[in-house]
Amino acid sequence: MQTSGKIALALLALLGSRVDASAAEAPLPEAIAAPGLTVVLTARAEGQQIYECKAGGDGKLAWAFREPQATLTADGKIVGRHFAGPTWELADGSAVVGKAIGNAPGANRQRHRLAEAGGRVAQGQRHVLGRHTTVQRINTVGGQLKDECDRPGTTRGMPYTADYVFLRK
C-alpha cells in the first residue's frame with residue numbers, strides 16, 4: 001500500500017466519525033445547522049486570526065481580517081492545518097476551500113459559521129475530506145481584534161481556538 005493510502009487509512013481509523021462531546025451536546029443555531037448531513041471529522045483548531053491595518057471606505061484606518069493560521073488536531077494528534085481561502089488541509093493530502101454561507105452568534109460574542117466546500121483536492125474514498133460538502137465552525141474562543149491601528153500594512157495575529165466539523169451528504 002502506498003504511503004498516502006496508509007496515512008489516509010490511519011487517519012480514518014483514528015478519527016472515524018468522532019465528534020467532540022461538547023459539539024454534539026449543544027444545539028446549533030438554525031443559521032448554521034446542517035440537518036441530514038453526516039459528520040466526517042471534528043478537528044480542533046489552535047492558531048491565530050491575522051489582521052491587516054487598512055484604510056476603510058471612510059479613509060480611516062482599521063484592522064481588516066486577512067487570514068487564519070491554525071493547526072488542526074484530533075485526539076491530541078496533529079491532523080492538518082487551516083489557512084487562507086479559507087482552506088482546510090489534512091495530512092492525508094485532502095483539502096477543501098470553503099465559502100461562508102451562514103453565521104450565528106455564539107458564546108462570548110464569538111460567531112458560529114457555516115461554510116460550503118468549493119474546490120477539493122485528492123477526492124476519493126481514502127481521503128477524509130474527499131467527499132465532504134459543509135464545514136461548521138463552533139466553540140470559537142478568541143481571534144477578535146478591537147484595537148486601533150495607525151500604520152497601513154501592519155499585521156497582527158490574535159490567538160484563537162475553534163472546532164471545525166466537516167460534514168457530507
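Arg81 is partly exposed, with a relative accessible area of 39%. This residue belongs to a predicted model, and its side chain meets that of Glu89 in a salt bridge, with N and O 2.8 Å apart. The report returns to such pairs after an outline of the chain.

**Outline of the chain**

The chain contains two helices and eight strands. Along the sequence these follow the order α-α-β-β-β-β-β-β-β-β, so the helices precede the strands. The chain has 169 residues, and 38% of them count as buried.

**Salt bridges**

Side chains of opposite charge can pair when their charged atoms come close. The structure has four salt bridges, and the Arg81–Glu89 pair is one of them. Another joins Arg66 and Glu67, with a distance of 3.1 Å from N to O. A further one links Arg44 to Asp163, where the closest N and O atoms are 3.0 Å apart. Arg44 is in strand 1 and Asp163 in strand 8, so this pair connects distant parts of the chain, 119 residues apart.

How buried or exposed are the residues in these pairs? The table gives the relative accessible area of each; a value under 20% counts as buried.

| Residue | Relative accessible area | Class |
|---|---|---|
| Arg44 | 28% | partly exposed |
| Asp163 | 2% | buried |
| Arg66 | 41% | partly exposed |
| Glu67 | 15% | buried |
| Arg81 | 39% | partly exposed |
| Glu89 | 28% | partly exposed |

In the Arg44–Asp163 pair, Arg44 is partly exposed, whereas Asp163 is buried. In the Arg66–Glu67 pair, Arg66 is partly exposed and Glu67 is buried. For the Arg81–Glu89 pair, Arg81 is partly exposed, and Glu89 is partly exposed as well.

**The disulfide**

A disulfide is a covalent bond between the sulfur atoms of two cysteines. A search of the whole structure finds one. It joins Cys53 to Cys149, with 2.3 Å between the sulfur atoms. Cys53 is part of strand 1, while Cys149 sits in the loop between strand 7 and strand 8, so the bond ties together parts that are 96 residues apart in sequence. The torsion about the S-S bond is about 75°, and the disulfide is therefore right-handed. Both Cys53 and Cys149 are buried.

**The nonpolar core**

In soluble globular proteins, nonpolar side chains tend to be buried together. The largest nonpolar core here has 20 residues. Which of them have the most contacts inside this core? They are Leu41, Leu72, Trp88, Leu90, Leu129, Tyr164 and Phe166. At least two residues of the core come from each of strand 1, strand 2, strand 4 (87–90), strand 6 and strand 8 (155–168).

**The largest pocket**

Rolling a probe the size of a water molecule over the atoms shows where empty space is left. The largest pocket has a volume of about 460 Å³. It is lined by 25 residues, and those closest to its centre are Gln49, Phe65, Arg113, Arg137 and Tyr164. Tyr164 is also among the core residues with the most contacts.

Two or more lining residues come from each of strand 1 (38–55), strand 2 (61–74), strand 5 (95–105), strand 6 (111–121) and strand 7 (134–142). Which element gives the largest share of the lining? Strand 7 does, with five residues. Sorted by class, the lining holds 10 nonpolar, nine polar and six charged residues.

How values were computed
Residues are numbered from 1 along each chain as its sequence is written. This is a predicted model: local features need pLDDT of at least 70, side-chain atom pairs count only at pLDDT 80 or more; totals for chains, interfaces and linings use all residues. Side-chain values use heavy atoms; hydrogens and water are left out. On a 1 Å grid over the protein atoms alone, a cavity is a set of points where a 1.4 Å probe fits but cannot get out, and a pocket is an open set with protein on both sides within 12 Å along at least five of seven lines; lining residues have an atom within 4 Å of a point. Grid points are joined across faces, edges and corners, and a volume is the space filled by probe spheres set on the points. Helices (H or I, at least four residues) and strands (E, at least two) are DSSP runs, numbered from the N terminus. Ala, Val, Leu, Ile, Met, Phe, Trp, Tyr, Cys and Pro count as nonpolar, Asp, Glu, Lys and Arg as charged, and the others, Gly among them, as polar. A nonpolar core is a set of buried Ala, Val, Leu, Ile, Met, Phe, Trp, Tyr and Cys residues joined through side-chain atoms within 4.5 Å. Buried means under 20% relative accessible area, exposed over 50%, partly exposed in between (1.4 Å probe, protein chains only). A disulfide is a pair of cysteine sulfur atoms within 2.5 Å.
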